[in-house]
Every structure is written in structure tokens, then in C-alpha cells.
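Visitor: Could you walk me through this one? I haven't looked at it before, so please take it slowly.

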Amino acid sequence: MSRQVTIALSGNPNAGKTSVFNALTGARQHVGNYPGVTVEYKEGLAHHQGRAVRVVDLPGTYSLTAYSPEELVARNYLIGQRPDVVVNVVDASNLERNLYLAVQLMELGVPLVICLNMVDVAESRGLKIDAGKLSQLLGVPVVPTVARQSQGMNQLLAAAVELAQSDPEWRPLNISYGGDVDQGVAEVAAILQGSQERHGLLSARWLAVKCLEGDQEVIERVEESPELAGKLLPVCRRVAGHIKSTMDDDPDSIIADYRYGYIAGITRQVVSSEREARMDLSDKLDRVLTHRLMGPLFLFSVLYAIYNFVFWASEVPVVWFEEFFVWLGGAVEGLLPPGVLRSLIVSGVIGGVGGVLGFAPLIAFMFFAIAIMEDSGYMARVAYIMDRVLRMFGLHGNSVMALMVGGGISGGCAVPGVMAARTLKDPKARLATILTVPFMNCGAKLPVYSLLIAAFFAHRQAEMLFLLTLISWGLGLSAAKLLRITLLKGQQAPFVMELPPYRAPTMKGLLIHTWERTWQYVKKAGTMILGVSVLMWAAMSFPGLPHEQEAAWQKRIQAAPGDAARLDVEAGRARDQLAHTLAGRAGRALTVFTDPLGFDWRANVALVGGFAAKEVIVSTLGVAYSLGEVNPEEAQSLSKRLAAEPGWNPLKAFALMIFVMIYAPCLATVVMIRKETGGWRWALFSVLYNTIIAYLLALAVYQGGRALGLG
Ligand code: GDP
Ligand code: MG
């Protein structure tokens, strides 16, 4: 004998809850009040296959916040009494608005059955609702009913009892509320997770969302522990303040927007209307911007426009920055006597970090463009468009955001990209996504591309970056497909793409977002890149030439007739010296592998250093060419130096860009992959998989190009 099953009915006022309740329980019901409040309480018994099932009619609510006594009663009943199953009665003729409560029930995590009521009304209005599809997308049973005529009641009861008997766990639905809010939620949830408090069975994330929504009841509960409140509330205030200043709105309305965006993604796939539906501005825009043909065309135009804008806008400031570092290097050279210290500062610090910082304006403009896409809501549409493409390659709709965060439109970071793959429930699709993210053009590859594009493709900058973006998607998706048909074979799970309403970005919000990310770039250049750059400098400076050799060079320098000849000899000495150093030897040893790709030993050293972080490729080339520099009069920016270097040509540069795009993810990403996949296996796999693909492609590009007579 099993215990009695309790079903709670929840739903918007007038969705037909009472009708369902009456149809299920007949006369077997009693009415009372919830203790302390005037909210009515009704309970009754239904019968299913000879067993009594307790049915509780919760007060009608539009939401599960603590705005009204009804909402509070409904929520506290669900949390405190934990009914076996919640039946959400939904007015099918008003699906969009009614699903708002359903989404909140799913976010809370209750075992849910949807009673799709009033399908007769919906039909009379020309609305057709695909209940099967709705059930598939939401991942909960959906039973169409006409409660007033007791239609569908047996099926409803059967579905509820079946779910109850499967002893379902509470499984909270996580949806994205956009970058700013998601980050805030994660931060607040981390504090709640770390606190000693027990939250019953509520998830830390749910509580965090409630705190950010300004839910009085949850906040009062938090305040019961002064220690927790002391940590939590300032963070909530800061996050809310940040959201207010970037989005010009409160967290709760942003969160509501995204819930509706999630619902819009569902109703789009589930509701078909015989009559012209009422459309607001967002719907009208989406008609065009997510259109099967116009959508991708518009997206391509946007990307192309962005790249043109970024190169155009950053051209002058990048030159200023470059010239500033050239000037700074010269100034320090004049101030310090020749020797190790001068070399360290001029080559190791200024030559290395300067190269990376020089591209800060370009990075800033790129982030500005990305901020416009994100803040306006267009990014969600990009994801929507890409979703169709991704499915063909065995990735999941949820992969899109991970790939976009990882640098889908150039500029981004694989570390949060890999983390963003958490929203994927299917482990194989998730793994495929994690392994695809490093193919995207993250913000650290951008300065490498910019350097090589400025040096060798100066007349076609935007086109080149556009091409690189297409290549990275093409390769990433092919690599994903390869995994999905071999190691990671599996079925596709259904998916809801969020379509939050468009909003006009504010200048303030755009500037804050641009600044935050640019500052990350600058900070990284000043810390990690600086450190690695100094290490690379040391590797390229020591050991020095043996005494006799050095003495021989000095003799030749003394003997050189005239300045020009002396500079020639000095350049020879610098080359000899570099070749003798640790990095010089290692780089040379690697040319066994990289000769067929056209990379010289300096590029090899840079690529090895680039494993720490891809910007290091730029800083290392900066150090190498700065160390090779013998005539301070001729000091110039790194891109000009590369362009003038006889060993380089556009074909080699292109092969190098392709290699940099794909080869081993940076250290931080590898560590994150390890963390997210729970072991070194996939992290190491991604290092090898990517490097092998990179090698083969760069080889094909270089050798193919040469066969065609390029380079
Ligand atoms: P509650 O506020 O959720 O308890 O909703 P009620 O059960 O009181 O129903 C509101 C109104 O909708 C009543 O007039 C019901 O008769 C009517 N109603 C309920 N279910 C249906 C249905 O499936 N079809 C139609 N046409 N009317 C319904
Ligand atoms: Mg009622």
C-alpha cells in the first residue's frame, strides 16, 4: 500500500482552477481559511483507480513573488507542504501570459503537470496549440482540457498520479536573465552556497534570484542571520546598482523580461494562429531579424559593418598607442646605460606589453559593438539564428550562448564560454560544446590577428577578420560534428531559445560594459602578460654568448668601417646571441615540425608562450624583434617590423593566424575544461585535438598556397 498522493492546483485567476477542482472532486470538498490570512483554502478528494487523491486548490496568482497575500500563501504552501505534484491550470487562449506562472513554478522546481485548459476558447479564436510540442519543450506532461465540461479530467488525474508515483525530485529550471543579471545571480548564489544556513530544499540560485528581485520575504529570512545578511545584502545592492546603471532598469523587470523571452521562444514553436496575431514592435522586428533568409543576411551585414567600424575607428588611436610605446622605449633607452636592466625594461616590458596594450583601442571598439548587440537584445536573435545552424552540426541550442561568449563574433573569452555550457543538460552535447568553444575567436586572439592583418593585409582589414570569423565557425562546427558522430554520439534534446524584448541601449550602459571588458584586457596585459613577457625575455636573453665568441664579435664591431657596416655586424651579433639563448635553441629545435608551415623559430617561441595566453604571441614577437633591434633610430611598431622582415609574407601570416585560431586552448581554458568535465582526460584531449587540427590546416594552407604560387 502506498501513501496518499497530494496534488496542488495552481494557476492565474480565471484560468479555470475552481472548475478543474470541482470536476475532479465533485462534492467531496471543504472550504476554510489559511491561518492568519483571509485567503480561502479549499481541499477535496478525487478518486483514481479506486484510490483517494487529495486535491488542494491554491489561491489564484499571476506570479510567485511575495507581492500579494495570495502569492505568498501559494508559494509558502508549495515550499512548506511540498505537494507531490503541482497541476498548473493554464488558460490556453491566453497562453503567453499564463505561462509566466508556469515558468516560475519550474524555476522553483516543483514536479509539474500542465493542465492546458480552455482549449475550446482557444480554438474558437483560431489558436491551435501543439500540446505535445509544448510538453517536449517544457519537459513536463501537458494535458489539454475543457474543465467546464469535465473534458480531459481523467487524463489529467492520471498524468498527475503517474508523476507523483515516480517520486519526482525538485528540479529547478535555470534560464538566462542576460549577462549582467546572470553574473550577479552567480555571485549572490556563491555566497548563499557558502553560508552555513540551511535553506531547506531551495536552491541557492533560486534564493539568489529572489534576493535580486527584491523579494521582501526571502530578504527577511536572510536577515535572520546577521552574518549572512552582512555579506549578502551589500553584494545584492551593488549588483542591483550595476544593473540599474547599465540597463537603466531594476533587476526584477529585467528578470521578468527574460522569463517572457523564454516564453516567447516557446509559444513561437507551439502556437499557430489562423488569424493575424497582435504584434508589438519586438514581434515585428523579429519577423525580419529572425527570418530564415533575411535573418542571416542581416547578421552578416551587421558583422561586416562592425568589423569595418572597429578597424576604422581604432586606426588612429592604435597608431597613437604604438607610437607612444616606440617613443617610450626610445626614451628609456636614452636614460639607462646599456645592460641587462635596460634590455629588460625596453625589450621585456615595453616591447612585450606595449605590443599588447597597443591594441587596447581596437579591443575597446570591438567590445563597444558587442555591447550594442547584447544590450539591445539582438544577441539573443543571433543565438536564435545560429541555433538552426548548430543543430545540423549536432550541437544544442544552448551551445550558442557558450560559443558567443567564447568569441563567436570575435572578442570574448573561452573560460566563461566553457562555463556557459553548464546550461546544457545532455552530457554529450555539453562536452561537444565545451570542446568547440576554444575554436572561437576570443579577445586574446584578436590582437594577434590585428597585428598580422595590419602588417600583411592592411588594405583588407575588415574582410580578413570577417573571413577569420567564418573560418572559426566552419572549423568549430565541423570539429563538433566529428565528435558528435564518433566519440560523442547521441540524440538531440529539445530546447527553448529565449527571445527577450528589444530595448534601446543607453550610452551609459554601453560605456560601462565596454569599460569593464577593456579594463580586463588591460589588467591582464599589466599582470599575467607582463609576467610571461619577462619570462620570455629571460629565455631569449640567457645564456649569453660564450666569452670567446662575444669577444670575436666585439672585435669585428670595432673594426667595422663606418656606421652602416657597424650596424650590419651588430645585427649579426644580435642574431647569433638570440640563437644561442634557451628560447633560441628551443625555437630552432621546433623548426623540424614548423618548417613545413613556414613558421620561423621566433614564431615557435611565441606559440609556445601563447599557451599561457594568446596575447603572449604578440608580446613575445615584440620582445624577440625588439631584442634583435640594433639601431634605435629605426625603432618602429611591431607590425611595421614584421612587414619589413624578409622571412615573413602574407601566406605565412595567414597560416600562422589559422594555427593560432585553433591550436591548444590557453592554460586558463584548459584548467576550466578540466574543472567542468571533472578530470584531465578531456582537457588533454582538447589540447591534442586542437593542436593536431591546427597543424594539419596550417600545413594545408601554407603548402597549398605555395603550390598556387602565393608567398
Ligand atoms: P478560477 O478563477 O481559476 O478558479 O476559474 P474558474 O474555474 O472560476 O473559471 C472561470 C470561468 O471560466 C468560469 O466562468 C468557468 O465556467 C469558465 N471555464 C473554466 N474552464 C473552462 C473551459 O475549459 N472552457 C470554457 N469555455 N470555460 C471555462
Ligand atoms: Mg477559483
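The chat below turns from the ligand to the cysteines and then to a serine.

Guide: Before we begin, please keep in mind that what you see is a predicted model.

Visitor: Okay, ligand first: how many residues surround ligand 1, and which are the closest?

Guide: Ligand 1 is surrounded by 15 residues, and the closest of these are N14, K17, T18, S19 and D120.

Visitor: And what polar atoms lie by the oxygen atoms of ligand 1?

Guide: In the side chain of S19, an N or O atom is 2.6 Å from an oxygen atom of ligand 1, and a backbone N or O atom of A15 lies 3.2 Å from an oxygen atom of the ligand.

Visitor: What about D120, which kind of ligand atom does its side chain lie by?

Guide: For D120 the partner is a nitrogen atom of ligand 1, which lies 2.8 Å from a polar atom of the D120 side chain.

Visitor: How much of ligand 1 does the protein bury?

Guide: Ligand 1 taken alone exposes 570 Å², and the protein buries 75% of that area.

Visitor: Which elements give two or more residues to that shell?

Guide: Those are α1, covering residues 17-25, and α4, covering residues 119-124; the largest share of the shell, three residues, comes from α1.

Visitor: And how do the shell residues divide by type?

Guide: The shell around ligand 1 is made up of six nonpolar, six polar and three charged residues.

Visitor: Switching topic: how many disulfides are there?

Guide: A search of the whole structure finds zero disulfides. Take C211, for which the nearest cysteine sulfur, that of C236, is 4.7 Å away, whereas a disulfide would need the two sulfur atoms within 2.5 Å.

Visitor: Is there another cysteine you can describe, and where is its nearest cysteine sulfur?

Guide: C666 is also in no disulfide, and its nearest cysteine sulfur belongs to C413, at 6.5 Å.

Visitor: Are those two buried or exposed, C211 and C666?

Guide: C211 has a relative accessible area of 5% and is buried; C666, with 16% relative accessibility, counts as buried because the cut-off for that word is under 20%.

Visitor: Last one, where is S245?

Guide: S245 is placed in helix α10, which spans residues 226-247. A polar atom of the S245 side chain lies 3.0 Å from the backbone oxygen of H242.

Visitor: What does S245 touch, leaving out residues up to four places away in sequence?

Guide: With those residues left out, S245 touches T506, K508, G509 and I512.

Terms used
Residues are numbered from 1 along each chain as its sequence is written. Chains are lettered from A and ligands numbered from 1 in the order in which they are written. This is a predicted model: local features need pLDDT of at least 70, side-chain atom pairs count only at pLDDT 80 or more; totals for chains, interfaces and linings use all residues. Side-chain values use heavy atoms; hydrogens and water are left out. Helices (H or I, at least four residues) and strands (E, at least two) are DSSP runs, numbered from the N terminus. A polar contact is a pair of N or O atoms within 3.5 Å; within protein, one must be able to donate a hydrogen and the other to accept it, and residues adjacent in sequence count only if both atoms are side-chain atoms. Contact means heavy atoms within 4.5 Å. A residue is near a molecule or strand if one of its heavy atoms lies within 4 Å of it. Accessible areas come from the Shrake-Rupley method with a 1.4 Å probe; for residues, only the protein chains shown count as cover. Ala, Val, Leu, Ile, Met, Phe, Trp, Tyr, Cys and Pro count as nonpolar, Asp, Glu, Lys and Arg as charged, and the others, Gly among them, as polar. Buried means under 20% relative accessible area, exposed over 50%, partly exposed in between (1.4 Å probe, protein chains only).
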